[in-house]
Amino acid sequence: MSENEEIWEQVARYRKVKTLPDGSRLLLRPLQKGDKEALVDLFARASREDLEWYRIDAADPKVVESWVDNLNYRQVFPLVAFVNDRLIGEATLHFGEHYHRHLAWVRIFLDKNYRRQGIGTLMVQSLIEIARRVGLRQLYGEIVTTQPQVIQGFLDMGFQHEVTLRDYFITSEGETLDMAILVLRLVDDTGKF
Ligand SMILES: CC(C)(COP(=O)(O)OP(=O)(O)OC[C@H]1O[C@@H](n2cnc3c(N)ncnc32)[C@H](O)[C@@H]1OP(=O)(O)O)[C@@H](O)C(=O)NCCC(=O)NCCS
């Protein structure tokens, strides 16, 4: 097996376990085929507001099922969170291709009842670890500026607010929003030509 294949085998077996402050057990691991129903259910209970941030209609079970059916960790790496065996969140790395092959975009969604307990931070930190292992150089987060608390969460994890794209996002109501582009540099290129 090549070194590269070994790395991908390793990340496919990634696990992180933690006891939450209330004593419940948190497990983070890559999404597997058998999680289809639980993932559909996660998005089915998401609010309309939360679903705005998705590029496609994640409330449609067919859309979520297709993510599981087309699972390919080298294109999209989905990490899922279980609390006491219930799937309560998903965070994904979307890998760039060709001249973007050194980067990935991070997206994350948690069940409303499980927010503000540090799970989101732990999931993004896990994706950062995985991104390093597979040799990425940069991670990007795209967050609308109407969510300053989420932007702050990313800044606290070491991301930098690179630029804001005006009116980059349009809501279902037709209102445009500004998008903050956040970057985490995994290798330091300073001083290099
Ligand atoms: C963004 C999201 C994943 C955060 O998950 P989380 O588990 O609640 O985050 P954490 O508990 O690790 O909090 C991390 C930090 O984020 C910030 N934060 C997140 N939500 C916040 C809120 N509602 N109010 C204030 N601060 C908030 C805080 O700085 C927080 O740190 P603190 O708890 O020490 O104050 C979750 O709110 C979510 O799924 N939102 C909907 C989808 C979304 O907006 N995704 C982001 C775009 S990719």
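Which residues in α2 meet which residues in α4? In this predicted model, Lys-36, Leu-39, Val-40 and Phe-43 are the residues on the α2 side, and their partners in α4 are Pro-61, Val-64, Glu-65 and Val-68. By class, that contact of α2 with α4 is made of six nonpolar and two charged residues, with no polar ones.

**How the two helices pack**

Two packed helices are described by the angle between their axes and the distance between the axes. Here helix α2 covers residues 36-44 and helix α4 covers residues 61-69. Their axes come within 9 Å and cross at roughly 140 degrees. An angle over 145 degrees would count as roughly antiparallel, and α2 and α4 are therefore oblique to each other. As for handedness, α2 passes α4 in a right-handed crossing.

**Two domains and their contact**

Let's step back to the whole chain. Its domain assignment gives domain 1 (3-136) and domain 2 (137-193). Between the C-alpha centres of domain 1 and domain 2 there are 19 Å. Where they touch, 14 residues of domain 1 are in contact with 12 residues of domain 2. On the domain 1 side, β5 and α5 each supply at least two residues, and α5 has the largest share there, with seven residues. That side of domain 1 divides into eight nonpolar, four polar and two charged residues.

**Around the ligand**

The ligand brings both domains back into view. A shell of 20 residues surrounds the ligand, and the closest are Arg-115, Gly-120, Thr-121, Gln-149 and Gly-153. Two or more shell residues come from each of β5 (103-110), α5 (119-133) and α6 (148-156). The helix α6 gives the most, with five residues. Where does the ligand lie relative to domain 1 and domain 2? Both domains give residues to the shell, so the ligand lies between them.

The table sets out the class make-up of the three groups of residues discussed above.

| Group of residues | Nonpolar | Polar | Charged |
|---|---|---|---|
| Contact of α2 with α4 | six nonpolar residues | no polar residues | two charged residues |
| Side of domain 1 that touches domain 2 | eight nonpolar residues | four polar residues | two charged residues |
| Shell around the ligand | seven nonpolar residues | eight polar residues | five charged residues |

If you are setting up a view of the ligand, α5 is a handy element to follow: α5 gives two or more residues to the shell around the ligand, and α5 also supplies seven residues of the side of domain 1 that touches domain 2.

Key:
Residues numbered from 1 in each chain as written. Predicted model: local features only at pLDDT ≥ 70, side-chain atom pairs only at ≥ 80, totals over all residues. Near = placed C-beta within 6 Å. Helix = DSSP H or I, 4+ residues; strand = E, 2+ residues; numbered from the N terminus. Nonpolar A, V, L, I, M, F, W, Y, C, P; charged D, E, K, R; others polar. Domains from an automatic or database assignment. Axes fitted to C-alpha atoms, helices over the stretch in contact; angles between N-to-C directions. Parallel < 35°, antiparallel > 145°, perpendicular 65-115°, else oblique. Left-handed = near helix turned anticlockwise from the far one by under 90°. Contact = placed C-beta atoms within 7 Å.
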